[in-house]
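Work through the following exercises with the structure open. Each task is followed by a solution in steps.

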Number of protein chains: 2
Amino acid sequence: MSTEGRAAPTSPGPSTSRASIADVARLAGVAPITVSRVANGAESVSPATRQRVQSAMDKLGYAPNHAARALRSGSFGAIGLVAHRLARTGESRTVEGVVEAARAEGYTVSLVDVVAPTSDEVTAAARRLSHQAIDGLIIIRAETSTPATLALPPRLPVVVSDSSLIRRHAAVSSDQVSGTRAAVQHLLDLGHPTVHHLSGPADSSPAQVRLETWRETLRAAGRTVPEPWRGDWTLQSGYELGARIAADPQVTAVFCANDEMAAGLMRSLHEHDIAVPQELSIVGFDDIPVAEYLWPPLTTVRQDFGRIGAELVRMVLERLRGGDDALARHVVVPTTFVIRASTAGYTPRTRAPRS
Amino acid sequence: MSTEGRAAPTSPGPSTSRASIADVARLAGVAPITVSRVANGAESVSPATRQRVQSAMDKLGYAPNHAARALRSGSFGAIGLVAHRLARTGESRTVEGVVEAARAEGYTVSLVDVVAPTSDEVTAAARRLSHQAIDGLIIIRAETSTPATLALPPRLPVVVSDSSLIRRHAAVSSDQVSGTRAAVQHLLDLGHPTVHHLSGPADSSPAQVRLETWRETLRAAGRTVPEPWRGDWTLQSGYELGARIAADPQVTAVFCANDEMAAGLMRSLHEHDIAVPQELSIVGFDDIPVAEYLWPPLTTVRQDFGRIGAELVRMVLERLRGGDDALARHVVVPTTFVIRASTAGYTPRTRAPRS
DNA sequence: GGTGACGTTGTCATCGTCAACATGACGCAG
DNA sequence: CTGCGTCATGTTGACGATGACAACGTCACC
């Protein structure tokens, strides 16, 4: 009497008490292990038994309990992903790349975001995730200005993208240097005396790289390096700085650290009646979908975010399975310089800006 | 001799054999349950013991095994999320909303995408997820044209967004009807004899709603209903259809089913030398960040994707905890009509299009 | 000094699955 | 008819954490 039937769901959480392997076994009149064998493609089960088990499973709507399976096997089939502001173009496309690559490998992705890209926040997020069930961890654009050591669970494979953590962890990054160089050189080749820069926020590692490379390229060409303007990646910041850029007739070429700021800038120049590219050339970065359809179509540096995502997954899984330390620690994904119509040969700006 | 020490990690997967609660207990000289108590904020543990356990945990880098915890408690602390083409604006912003809301509730999000928004694909994705450890499921924009029943695990709370599955599952959707009506009415109020429509793909439920509402609004106003153009949400499709729209001098007002297509269209009209809004008024849908910075700034219907994401999470958790069936089955999130500069009063188009 | 209350810590059992080993049935060669 | 291999199926136990309950020590109070 005491062992008969299933106990009422008194103790465990308010969970969905789904059918377990034992229920199926009872209904099919077999041992639990047989059900397990059927559920897993299985080795040697007679067709008759298999059939009986199968219909019992269907009848009860049985789905294997992943927690139990993970507990038993020690692996979860999931990769953790920490991102910041994931609705932004680069982020969301990288996330998409990660998710697609993970799916191809039979993994799902556990996503958490951080409110601010500080070291503490990322640590907290990683901890939150490691309390979750994950086999590896990907951190996208951890724009920590203070690269304190992240307190991560030991033995958890970690791969980061474009961040100041590159030195401490395996990493995937875009070839920002080549992209930036191509962009700046393109403008110089067009005859512009120098190239101004609308940079990203100071705490962003990619922004720093683009800024540095821009500076170096100008220096290498023996040009004067003007003071850069500091934006925050948003369209609005590009738009607002546009007023200052319009007011300075020295500026004939601007390399923007991303396409959004370039778009905001172009809009502002429109309003100030400055013709792009006749009076002022603009280059962006990222190649967001709308870049090609702006007016004029934006010359920019294309990043292959999908590939970055795929590489991130590949590296995590490599570490997961191999365990070897002889693995590549840093993969660089090439960028492509795309010339459209927002750049043109140098001509001095003559017209006074309209206020 | 046989029972002493831990067995070499022969049997279970190649997993990271992290320290277990037993290891910590041994090191601290206490029982496992005490470690458990310390790990969980705990009730009654003496400061001395707590301290000892804490340092043992730190020393071993202990992190609780979530699989075991989930197995015991029956809940996973994770919400499954199925999305399609998640790098698109609406999708990525909704995902961001979901992730933020989930974090606030202490949940993480398990993300999978589907290659195509078919019923089969979504079912497969959901199954893949339910093999994962999730407590509830959110399906974003399942644009199934054939709303066959999804074969989902029983008792798994499911909430969908903007899809043809609305009838079968709890749902959150934008108030597309009001938004569309406001957009079309705005153009009619400006004196345009009728309003053309650049619609989304036929298999998209939101596209259908916008199309239907546009049609009804025109009918209610007693206007002729022109044949709609069919796009596929992309900038490119808007751009390509732009040639035809430019060629038809009857067209003076176009309601586009999303901002991307509107942007593509505007670019095309630029090239055909048709002035927006003087000769042709355009309204978009979504209010993507760049909409405000296009030239001219785009009049559009703003969707509150963040709120949609938050509502999705709220409804899933409600179902998860309450279990009551007396819960709201359908939440509508308001849209906002944002008037900018891409619409103007009606004037007949006189100039012949260029080419 | 004995008794009970309380606060701390431990024992046992359990969640669902699956690897390892054990058992049983059957067939076939010698 | 015996012995052994083969295949299908069953039994046992362990993965790690933790709820229920028990046991222990300490202290206050009568």
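Superposition here means a least-squares fit of copies on the C-alpha atoms of residues with pLDDT of at least 70 in both. The model is predicted.

**Exercise 1.** Determine which relation links chain B to chain A.

Solution. Chain B is superposed on chain A by a rotation of 180° with 0.1 Å of shift along the axis, at an RMSD of 0.2 Å. The relation is therefore that of a two-fold axis. Both copies use the same surface, as 98% of the contact residues of chain B recur in chain A.

**Exercise 2.** Describe the contact between chain B and chain A.

Solution. Start with the extent: each of chain B and chain A contributes 64 residues, and about 5700 Å² is buried between them, with 61% of that from carbon and sulfur atoms. Next, count the polar terms: there are four salt bridges and nine residue pairs in polar contact. Then assign the side of chain B that touches chain A: α4(B) gives the largest share, eight residues. By class, this side has 30 nonpolar, 20 polar and 14 charged residues. One of the salt bridges joins Glu96(A) to Arg85(B), with the closest N and O atoms 3.6 Å apart.

**Exercise 3.** Decide whether Ser92(B) is buried or exposed, and place its surroundings.

Solution. Ser92(B) lies in helix α5 of chain B, residues 89–104. Its relative accessibility is 2%; the cut-off for buried is under 20%, so Ser92(B) is buried. The side chain of Ser92(B) comes to 3.2 Å from the backbone oxygen of Thr89(B). Beyond neighbours within four places in sequence, Ser92(B) contacts Leu86(B) and Ala87(B), along with Leu86(A), Ala87(A) and Ser92(A).

Key. Residues numbered from 1 in each chain as written. Chains lettered and ligands numbered in written order. Predicted model: local features only at pLDDT ≥ 70, side-chain atom pairs only at ≥ 80, totals over all residues. Heavy atoms only, no water. Contact = heavy atoms within 4.5 Å. Helix = DSSP H or I, 4+ residues; strand = E, 2+ residues; numbered from the N terminus. Buried < 20%, exposed > 50% of the residue type's maximum accessible area, 1.4 Å probe, protein only. Polar contact = N/O pair within 3.5 Å; in protein donor to acceptor, adjacent residues only side chain to side chain. Buried area = accessible area lost by both parts, 1.4 Å probe. Salt bridge = Lys/Arg side-chain N within 4 Å of Asp/Glu carboxyl O. Nonpolar A, V, L, I, M, F, W, Y, C, P; charged D, E, K, R; others polar.
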